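Trainee: Before I accept the words used for a protein model, I would like to see how each one is justified. Could we look at one together and test the terms step by step?

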Amino acid sequence: MSKKKGLAKVTIYPDWCKGCGICAAFCPAGVFELRADGKSHVVREEECVNCGFCELHCPDFAVSVTPKEISRRKTDACVDLRVEAADPSAGTDPGPEENVGTPNREEDHGHKKA
Ligand code: SF4
Ligand code: SF4
């Protein structure tokens, strides 16, 4: 579950919403607002941290939270960059993640392979 803001699309199905206000009460990001029409409305979707509380607690299954398309494209782009970085023929610095892993025990103890 992502905790970054703005990566989710929040939808309320007005025909199902009965305006109980539970989603607004549970949402930690102030995404919802109850209005005079007796329904909940998404007013600050960009603040959503995709915690899923609203979907989980809506008694009428009227809320849907889904990853935005842009977040998937961004992930694909990151994967592409990692593949390029891991390719020695690319001649690029693999970055700090490549240095994290099991330590070379022989070097740790002052022994090196002949
Ligand atoms: S919890 Fe569901 S039914 Fe209640 S106000 Fe929110 S969307 Fe509407
Ligand atoms: S998933 Fe629902 S409860 Fe959680 S921050 Fe987003 S809108 Fe609010």
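Mentor: Let us begin with a definition: a residue is near a molecule if one of its heavy atoms lies within 4 Å of it. By that rule 13 residues surround ligand 1, and the closest are Cys17, Cys20, Gly21, Cys23 and Cys58. Please keep in mind throughout that this is a predicted model.

Trainee: What makes the shell around ligand 1 nonpolar, polar or charged, residue by residue?

Mentor: The class depends on the residue type, and Cys counts as nonpolar while Gly counts as polar. Sorted in this way, the shell around ligand 1 has eight nonpolar, three polar and two charged residues. Ligand 2 is likewise surrounded by 13 residues, the closest being Cys27, Cys48, Cys51, Gly52 and Cys54, and its shell divides into eleven nonpolar, two polar and no charged residues.

Trainee: Which secondary structure elements does the protein chain have, and in what pattern do they follow one another?

Mentor: The protein chain has four helices and four strands, and along the sequence they follow the pattern β-α-β-β-α-β-α-α.

Trainee: Why is serine 40 called buried?

Mentor: The word buried is kept for residues under 20% relative accessible area. Serine 40 has a relative accessible area of 6%, so it is called buried. This serine lies in strand E3, residues 40–42, and, leaving aside neighbours within four places in sequence, serine 40 is in contact with Ile12, Cys17, Cys23, Phe32, Glu33 and Leu34.

Trainee: And why is leucine 7 called partly exposed?

Mentor: Partly exposed covers the range between under 20% and over 50%. Leucine 7 has 23% relative accessibility and therefore counts as partly exposed. Leucine 7 lies in the segment before E1, and its C-alpha atom is separated by 7.7 Å from that of glutamate 46, although the two are 39 residues apart along the chain.

Trainee: What makes proline 67 exposed?

Mentor: Exposed requires over 50%, and proline 67 has a relative accessible area of 61%, so it is exposed. Proline 67 is found in strand E4 and touches Leu7 and Ala8, not counting residues up to four places away in sequence.

Trainee: How do you know that asparagine 50 is buried?

Mentor: Its relative accessibility is 19%, and because the limit is under 20%, asparagine 50 counts as buried. Asparagine 50 sits in the loop between E3 and helix H2 (53–57). Between asparagine 50 and proline 67 there are 8.1 Å in space, C-alpha to C-alpha, and 17 residues in sequence.

Trainee: What is notable about the phi of asparagine 50?

Mentor: Phi of asparagine 50 is near 60°, which is a positive value in a residue other than glycine. Most residues other than glycine have a negative phi. Phenylalanine 61 also has a positive phi, about 55°, although it is not a glycine. Phenylalanine 61 lies in the loop between H2 and E4 and, with a relative accessible area of 63% against a limit of over 50%, it is therefore exposed.

Trainee: What is meant by the largest nonpolar core, and which residues touch the most other members?

Mentor: A core of this kind is a set of buried nonpolar residues joined through side-chain atoms within 4.5 Å. The largest one has 15 residues, of which Val10, Val31, Phe32, Cys48, Cys54, Val63 and Val65 touch the most other members. Strand E1 (8–12) and strand E4 (63–67) each supply at least two residues of this core, and the largest share, three residues, comes from E1. In soluble globular proteins, nonpolar side chains tend to be buried together.

Trainee: Which side chains of E1 are buried, and which are not?

Mentor: The side chains of E1 alternate: Ala8, Val10 and Ile12 point to one face and are buried, whereas Lys9 and Thr11 point to the other and are not.

Trainee: How do you know that E1 and E4 are paired?

Mentor: Pairing calls for at least two bridges between the strands, and five bridges join E1 to E4, so the two pair, running antiparallel. Valine 10 stands opposite valine 65 in E4. Leaving aside neighbours within four places in sequence, valine 65 is in contact with Ala8, Lys9, Val10, Cys48, Asn50, Cys54 and Glu55.

Conventions
Residues numbered from 1 in each chain as written. Chains lettered and ligands numbered in written order. Predicted model: local features only at pLDDT ≥ 70, side-chain atom pairs only at ≥ 80, totals over all residues. Heavy atoms only, no water. Buried < 20%, exposed > 50% of the residue type's maximum accessible area, 1.4 Å probe, protein only. Contact = heavy atoms within 4.5 Å.
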